[in-house]
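Here's a walk through how two chains fit together and how their sheets and helices are laid out. Have the model open as you read.

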2 protein chains.
Amino acid sequence: MFKAERMAVLAEGKLGVLTSKTAACMVRYRPQHVVCIIDSTTGGQPVEKVLGFGGDIPVVGSLQEALALRPDTLLMGIAPRGGALPQAWRKVVLDSIDHGLNIISGLHTILGDDAEIGRAAASKKVGIWDIRKPVLPIEVSRGLLRTKTGHVLLTVGSDCRTGKMTVAYELAGFLNGRGCKAAFVPTGQTGILLAGWGVAVDRVPGDFMAGVTEDLTLKGLAAAPLAIVEGQGSLIHPGYSGVALALLHGCCPDGLILCHEPGREKIEGYGIPIPALSDLVRIYEEAAAPVFPSKVVAIALNTYCLSEQAAAEAVRAAQAETGIATGDVLRWGPEALCGALEGVL
Amino acid sequence: MFKAERMAVLAEGKLGVLTSKTAACMVRYRPQHVVCIIDSTTGGQPVEKVLGFGGDIPVVGSLQEALALRPDTLLMGIAPRGGALPQAWRKVVLDSIDHGLNIISGLHTILGDDAEIGRAAASKKVGIWDIRKPVLPIEVSRGLLRTKTGHVLLTVGSDCRTGKMTVAYELAGFLNGRGCKAAFVPTGQTGILLAGWGVAVDRVPGDFMAGVTEDLTLKGLAAAPLAIVEGQGSLIHPGYSGVALALLHGCCPDGLILCHEPGREKIEGYGIPIPALSDLVRIYEEAAAPVFPSKVVAIALNTYCLSEQAAAEAVRAAQAETGIATGDVLRWGPEALCGALEGVL
């Protein structure tokens with residue numbers, strides 16, 4: 001694999017913490033490797049102005065402007081619904097290849113398998129890292145984790161984009177900093193980008209999702225006595241619930257961390273009501289029970305859109321409703337959730 | 001696609017109603033197109049002796065013997081766990097191609113994409129129908145079925161191989177015979193073989209399983225006011241639960257038919273206890289509720305391994321425990337389940 005030390009990150013029309021997850025996470029966790037963000041709708045200002053963090057990394061309006069900053073890689077920093085490649089981005093990808101940039105993409109469309117893009121990359125000798133391309137061979141679940149040594153935590157959610165990746169990543173980092181060895185287990189494109197390994201479970205054929213999850217979790221447990229698995233989707237999501245259940249049954253978690261954005265009342269894009277947190281806790285615990293009983297041990301709220309006061313109030317309300325330790329790992333750090341982990345570890 | 005009017009069906013070492021589902025279903029529903037079964041362990045007798053039905057279709061011990069019966073097609077009638085192609089079968093496939101037979105396969109291994117097999121097929125100009133190969137492009141679920149006109153039934157199960165395909169197929173046939181138009185919606189290899197359309201949902205990447213299910217169900221509803229969707233796996237299956245939940249949320253069923261084999265106490269291959277039927281009813285209804293509330297309206301037992309008396313007793317016991325109409329569609333016909341459907345249709 002090529003190095004990606006000077007990334008131009010495409011977030012066209014969507015730059016935001018909730019709308020361009022991958023771009024925002026790269027700015028948050030790998031700012032030293034981001035030379036700019038490309039978004040014509042917010043271009044011309046520093047990224048801090050748009051996201052609230054990221055300092056003076058510039059947002060530029062076009063690939064042409066980005067090239068002046070000598071990037072070595074174009075990273076697709078957004079994922080449209082369905083993960084296909086929009087026609088407008090195809091041109092950005094081809095122009096980037098033409099200028100010798102490597103490409104990193106987490107789209108469902110495997111860019112390296114696209115005839116035109118594959119041909120262009122070969123002729124310019126640039127690399128394409130399709131993060132979502134499953135690595136074969138893959139196995140069905142062998143049920144090995146039910147008798148595992150070591151412990152597993154899984155982040156689960158009320159919906160997509162509620163912080164499952166961030167909470168797992170932050171918690172693993174925090175625990176490692178305290179001398180408690182923990183492995184972050186990446187199951188989605190941004191987590192894989194950050195960790196440099198993993199499989200995008202949502203791209204794996206249905207029959208193999210739990211098996212891939214098992215395999216990733218075993219790798220995590222080989223590296224540390226605690227594996228913190230990045231969850232995907234939600235058990236109540238009409239489109240992605242199957243992925244969420246495969247992860248839940250595939251990793252046999254000892255504890256669950258429920259991620260939610262306070263104020264979000266409906267599943268985005270589907271209008272299905274999100275139940276109360278206490279109902280979500282029950283839904284996850286009952287779904288886990290037949291295969292490997294597990295409890296929600298902590299609730300991680302994503303209060304990015306709230307004031308400090310409203311955020312504190314949301315945490316208080318969630319904790320009062322559920323009786324479960326609640327916090328926001330980005331706003332106040334993961335410490336509030338860690339006490340609750342002791343019961344399961 | 002080629003015609004398959006004289007199939008030799010490979011069921012090597014596994015011929016049985018529960019062990020070679022596809023082979024047994026072809027014998028049951030398409031006997032006129034089956035010239036023989038290949039299984040060296042039961043070869044030399046009529047299939048009726050082994051399965052209890054199928055008349056004098058011969059079981060032969062080898063491809064060589066099968067060729068004497070002038071087959072036009074080799075059908076892979078068994079699916080090993082994980083769906084890969086065992087080495088011994090590779091030779092049977094290659095020899096079949098060498099003798100000019102077309103190949104039908106529902107394995108996860110896409111035979112047409114295998115370099116050696118693909119090359120052989122091209123050189124002999126024979127066709128390969130990989131039933132599990134997903135047809136692109138595919139969409140994520142659009143949530144269209146929540147406001148559908150028409151009705152949807154879904155068969156669900158306590159485990160794999162409990163009769164979900166058979167019950168859906170039999171029920172659709174029975175209702176059509178009574179002038180109540182119903183469309184069987186195939187989601188797995190055997191159903192697709194029988195109906196000539198459909199998608200193997202367990203082979204579809206996770207994010208798209210519900211979308212494919214939605215699409216198939218809409219096709220069913222375009223053909224008839226009642227779509228009976230073939231379920232897959234089980235919500236309590238450690239390997240395949242994700243597929244089952246995607247189907248449940250993807251097709252927005254008005255009613256569920258729970259399929260179970262009385263006496264089976266554990267998930268095959270995993271040793272996980274199968275809960276009581278009344279618990280399974282609750283598990284399915286609670287999993288459906290957040291997206292599209294649905295009730296279990298009938299229980300379909302697979303009493304193939306029981307005596308007539310034990311089967312009747314199992315039906316009585318299930319009905320007494322759950323209060324839900326129960327029957328065995330193969331032993332006594334689907335009529336016992338039909339009364340219960342009126343409440344949801």
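## Two copies, one axis

Chain B drops onto chain A with an RMSD of 0.0 Å, using a turn of 180° and a shift of 0.0 Å along the axis; the fit is by least squares on the C-alpha atoms of residues with pLDDT of at least 70 in both copies. The two copies are thus related as by a two-fold rotation axis. The same surface does the job for both, with 100% of the contact residues of chain B recurring in chain A.

Keep in mind that this is a predicted model: local features need pLDDT of at least 70, side-chain atom pairs count only at pLDDT 80 or more, and totals for chains, interfaces and linings use all residues. Residues are numbered from 1 along each chain as its sequence is written, while chains are lettered from A and ligands numbered from 1 in the order in which they are written.

## Where the chains touch

On chain B, 36 residues are in contact with 36 residues of chain A (in contact means that the C-beta atoms, placed from the backbone, lie within 7 Å). Helices H8 (209-223), H9 (241-251) and H10 (277-288) of chain B each give two or more residues to this side; helices here are DSSP runs of H or I with at least four residues, strands are runs of E with at least two, and both are numbered from the N terminus. H9(B) supplies the largest share, six residues. By class, the chain B side has 19 nonpolar, eleven polar and six charged residues (Ala, Val, Leu, Ile, Met, Phe, Trp, Tyr, Cys and Pro count as nonpolar, Asp, Glu, Lys and Arg as charged, and the others, Gly among them, as polar).

## H9 meets H9

H9(A) and H9(B) pack at about 155°, with axes 7 Å apart; axes are lines fitted to C-alpha atoms, for helices over the stretch in contact, and angles run from 0 to 180 degrees between N-to-C directions. The pair is therefore roughly antiparallel (angles over 145 degrees count as that, under 35 as roughly parallel, 65 to 115 as roughly perpendicular and the rest as oblique). H9(A) passes H9(B) in a right-handed crossing, meaning that the near helix is turned clockwise from the far one by less than a right angle, with anticlockwise being left-handed.

Ser241, Gly242, Val243, Leu245, Ala246 and His249 of chain A meet B:Ser241, B:Gly242, B:Val243, B:Leu245, B:Ala246 and B:His249. That contact divides into six nonpolar, six polar and no charged residues.

## A sheet in chain A

Six strands of chain A make an open, parallel sheet in the order S8-S9-S7-S10-S11-S12 (two strands pair if DSSP finds at least two bridges between them). S8 (182-185) and S12 (326-327) stand at the edges with a single partner strand each, so one side of each has no neighbour in the sheet. S11 (295-301) and S12(A) pair over two bridges, and A:Ala300 has A:Gly327 as its bridge partner.

H8(A) lies across S7, S8 and S9 of chain A, at about 160° to S8(A). H9(A) lies across S7 and S9 of chain A, at about 165° to S7(A).

## A sheet in chain B

Chain B has an open sheet of six strands, S3-S2-S1-S4-S5-S6, with parallel pairing. S4 (73-76) and S5 (102-105) of chain B pair over three bridges, with B:Leu74 opposite B:Ile103. H4(B) (87-98) lies across S1, S4 and S5 of chain B, running at about 145° to S5(B).

Methods
Two residues are in contact if their C-beta atoms, placed from the backbone, lie within 7 Å.
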